[in-house]
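Colleague: I am new to this one and would like to learn how its labels are earned. Could you walk me through them?

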Amino acid sequence: MARIIQLTALFFVTLFGYSIVADSDFESWKTEFRQSALRVGIQSETLDMTFSGLLPDRKVLKLDAHQPEFTRPIWKYLENTTSVERVRVGQQKLAEHDELLTRISAHYGVDKAYLLSIWGMESSFGKQTGHYSVIRSLATLAYAGRESRREFWSEQLLAALRIVQRGDMSVRDLRGSWAGAIGHTQFIPTTLEAYAVDFDGDGRRDLRHSIPDALASTANYLAKSGWQEGQEWGEEVKLPDGFDWNLADSKVRKAAQRWTVDHQILPISGGLLADGEMYPAFVFLPAGYHGPVFVMYENFDVILKYNKSNSYALAVGLLADGLRDKPAVSADWPYNDIALSHQEKAELQLLLSVAGYNTEGVDGKIGPNTQSALRRWQSDVGFPPDGYATVEYLKLLRQQVEVKPTIID
Ligand code: CA
């Protein structure tokens, strides 16, 4: 019998490639987690209700382990997230919920278009809120997800248990993405705890069934993150000939007026940059020097607090513009550029480092250190130093640098 169990366990390991050996491990993890949860104030009734019969979800582990090899270029991402269809549905939702949105907007000082935009980005206006049991997903991830993230998942699981315990949402209702993001605006449990509000007045913060709660919670999150009422996220600009590309860096900040006075940067649509703001704005090149150029204001940084991705924040801004019939991006995207794969990015980092432009590590992700190394190399070789990695640069670096294979005895 023991032999059969062993073989079955082995079969699962081979079939799914997960770190789960047998469910008995999950049971011991549950017992251990239960003890630590009780110590931080989760009641035994809550744990009985949520943990009894709970099994790990293998699909969640598969999704957690999946690292996409290719990233979509930003214009593809924007095409998808700010599509004509999404704008159309968004405007329909605006008409449908205008009275509610006006009240939320007046209360929190956040423009309706941004609330709609985030709603569209996060769940296609409530169409895709996710069907995974949040407790089950988070328990699975805290138990056997990527090791570096397990502590984070445990914290999220504790927060989810507190949400159930407080009666904001029931275990049955607590459904969302495989990674535990809940409802219309996909709040993770700790964010829900800290920022969600009960706007429909039923005494519960229900981000899955209550549109008023979900949209007001988003407005509250943005307001608490420093949202500037009446201001925009940024705007597309035109650069003068001979612009120093090193200045297009989120670390280089200046008041909008200074960008115009010192560097002749003006909006592509005419007029002046949003004036009167002392907030240090920055020049942003999402696709290098041969793509559109933007100047980003304070609200862009606020959107980044919602989701720390430049592409996401740009999409929120552009979708908010689309919903208000503002002009779309005017400059062409470099459609012929081929996105670097994860492996090619790592190779680029290695080659730059060998060539004397230290990227401070080779992880296949283009971060500030790699961009800065790439800018120095571009500058020395005679390219515009925009820090934007392309296949062409990788090919050149391959010719320039000879990496000798390490010989191991
Ligand atoms: Ca409510």
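Colleague: What makes E3 and E6 paired strands?

Modeller: Strand E3 (residues 234-238) and E6 are joined by 4 bridges and run antiparallel. Two strands pair if DSSP finds at least two bridges between them, so E3 and E6, with 4 bridges, count as paired. One bridge partnership links Val237 to Val293 in E6. A strand here is a DSSP run of E of at least two residues, a helix a run of H or I of at least four, both numbered from the N terminus. Please keep in mind that this is a predicted model, where local features need pLDDT of at least 70, side-chain atom pairs count only at pLDDT 80 or more, and totals for chains, interfaces and linings use all residues. Residues are numbered from 1 along each chain as its sequence is written, and side-chain values use heavy atoms, with hydrogens and water left out.

Colleague: How do you know that E5 pairs with E6?

Modeller: Strand E5 (residues 282-284) shares 3 bridges with E6, again antiparallel, and Val283 stands opposite Val295 in E6. The open sheet has 4 strands in the order E4-E3-E6-E5.

Colleague: Why are E4 and E5 called edge strands?

Modeller: Strand E4 (266-267) and E5 each pair on one side only, so they are the edge strands.

Colleague: Which way do the side chains of E6 point?

Modeller: Val293 and Val295 point one way from E6, Phe294 and Met296 the other way, and all are buried. In a regular strand the side chains alternate between the two faces of the sheet.

Colleague: Now the calcium ion. Which protein atoms count as its donors?

Modeller: Donors are N, O and S atoms within 2.8 Å of the metal (3.2 Å for Na, K and Ca); water is not among the atoms, so sites may look incomplete. The protein donors are Asp198 (OD), Asp200 (OD), Asp202 (OD), Arg204 (O), Asp213 (OD) and Asp213 (OD), at 2.2 to 3.0 Å from the calcium ion.

Colleague: Why is the arrangement around the calcium ion called irregular?

Modeller: Six donors count as octahedral if opposite donors are over 155 degrees apart and all others between 65 and 115; four count as tetrahedral if all angles lie between 85 and 135 degrees, or as square planar under the octahedral limits, and anything else is irregular. The 6 donor atoms here subtend angles of 48 to 160°, so the arrangement is irregular.

Colleague: Are Asp202 and Asp213 buried or exposed?

Modeller: Buried means under 20% relative accessible area, exposed over 50%, and partly exposed in between (1.4 Å probe, protein chains only). Asp202, with 42%, is therefore partly exposed, whereas Asp213, at 0%, counts as buried.

Colleague: What makes Thr140 buried, and what does its side chain contact?

Modeller: Thr140 lies in helix H9 (residues 134-144), and its relative accessibility of 0% makes it buried. A polar atom of the Thr140 side chain lies 2.9 Å from the backbone nitrogen of Asp57.

Colleague: How is the whole chain divided?

Modeller: The bounds, from an automatic or database domain assignment, give domain 1 (26-66 + 130-181), domain 2 (234-296) and domain 3 (342-400). The centres of domain 1 and domain 2 are 45 Å apart, taken over C-alpha atoms. The protein chain has 18 helices and 6 strands.

Methods: Polar contact = N/O pair within 3.5 Å; in protein donor to acceptor, adjacent residues only side chain to side chain.
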